Amino acid sequence: DADRRHPVGIVQCKCWTSRLVGEVPLRELLGLKVAHGVQLALFFTSSRFHDAAERFGAANQLLLVDGAALLDRIRSCPAEVQQRLLAVATEGEYWRPTCVQCGSKMVRRTDPRGKAFWRCERYPRCRKTLPAREEDRS
C-alpha cells in the first residue's frame, strides 16, 4: 500500500578526513526532511561537526553522528555484528562516488591542467562531474 512506499527517514553521509561538517549540508538535509515529510533525519560523518552545525542540528531535530560516536556504536556491538558491518561497509567499490544525477559510479579523471575530478562513467550520456580531493583514492 502507499504507506509502505513512503520513506520513514533520510540519511546523509560524508566520508571526510579533515573537513568539519558545517551548516550548509545540514540545511540541505533539513530541506529534504521537510520536502519528503519524514520525521527522522540522520547525518553521519567520519569527521566532526562545527559547533554552529551541532546547534543547527539540535534546533531542527537532526540526529548528528560524528566519526568518534559511530566507532563507539560499532565497538558496543558483539564481534559477529562488527564483522558483518565491516563486510557491508567494504563491499564493492565503496570508495568511488556515485553520480547523483543517474546513479552510476564515477571515474577519476585529470583535466589538461592536471586537476583531478570525478566524471560519471556514463559520459557522454551523463555529464555530471565532481571535484576530487587529495584524500580521494585514484
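In which loop does Pro 124 lie? The legends below begin with the chain and then turn to single sites.

**Figure 1. Overview of the predicted chain and its order of elements**. This is a predicted model, in which local features need pLDDT of at least 70 and side-chain atom pairs count only at pLDDT 80 or more, whereas totals for chains, interfaces and linings use all residues. Residues are numbered from 1 along each chain as its sequence is written, and side-chain values use heavy atoms, with hydrogens and water left out. The chain holds 5 helices and 6 strands, these being DSSP runs numbered from the N terminus (helices H or I, at least four residues; strands E, at least two). Read from the N terminus, the elements follow the order α-β-α-β-α-β-α-α-β-β-β, and the C-alpha atoms fill a box of roughly 45 × 40 × 35 Å along the principal axes. Of the 138 residues, 26% count as buried, where buried means under 20% relative accessible area, exposed over 50%, and partly exposed in between (1.4 Å probe, protein chains only). Among contacts (heavy atoms within 4.5 Å) with a separation of 6 or more, 44% come from residues 24 or more positions apart.

**Figure 2. The loop between β5 and β6, with its cis peptide bond**. Pro 124 lies in the loop between β5 (116-120) and β6 (129-131). Tyr 123 and Pro 124 are joined by a cis peptide bond, with omega of about 10 degrees.

**Figure 3. Packing of helix α2 against helix α3**. Two packed helices are described by the angle between their axes and the distance between the axes. Helix α2 (residues 23-36) packs with helix α3 (residues 51-59) at an angle of about 20 degrees, and their axes are 9 Å apart; α2 is therefore roughly parallel to α3, a term for angles under 35 degrees (over 145 is roughly antiparallel, 65 to 115 roughly perpendicular, and the rest oblique). Axes are lines fitted to C-alpha atoms, for helices over the stretch in contact, and angles run from 0 to 180 degrees between N-to-C directions. In this contact, Glu 23, Leu 26, Arg 27 and Leu 30 of α2 meet Ala 52, Ala 53, Phe 56 and Gly 57 of α3, a set that divides into 5 nonpolar, 1 polar and 2 charged residues.

**Figure 4. Surroundings of the buried Arg 96**. Arg 96 lies in the loop between α5 (79-89) and β4 (106-110), and it counts as buried because its relative accessibility is 13%. A polar atom of the Arg 96 side chain is 3.2 Å from the backbone oxygen of Met 106. With neighbours within four places in sequence left aside, Arg 96 is in contact with Lys 105, Met 106, Val 107, Trp 118 and Glu 121.

**Figure 5. Two exposed glutamines in loops**. Gln 61, in the loop between α3 and β3 (63-65), has a positive phi of about 55 degrees although it is not a glycine, and its relative accessible area of 62% makes it exposed. Gln 39 belongs to the loop between α2 and β2 (40-45) and is exposed, with a relative accessible area of 67%. Apart from neighbours within four places in sequence, Gln 39 is in contact with Val 8 and Lys 33.

**Figure 6. Thr 110 in strand β4**. Thr 110 counts as exposed at 53% relative accessibility. Not counting residues up to four places away in sequence, Thr 110 touches Lys 115, Ala 116 and Phe 117.

Note on methods. A polar contact is a pair of N or O atoms within 3.5 Å; within protein, one must be able to donate a hydrogen and the other to accept it, and residues adjacent in sequence count only if both atoms are side-chain atoms. Ala, Val, Leu, Ile, Met, Phe, Trp, Tyr, Cys and Pro count as nonpolar, Asp, Glu, Lys and Arg as charged, and the others, Gly among them, as polar.
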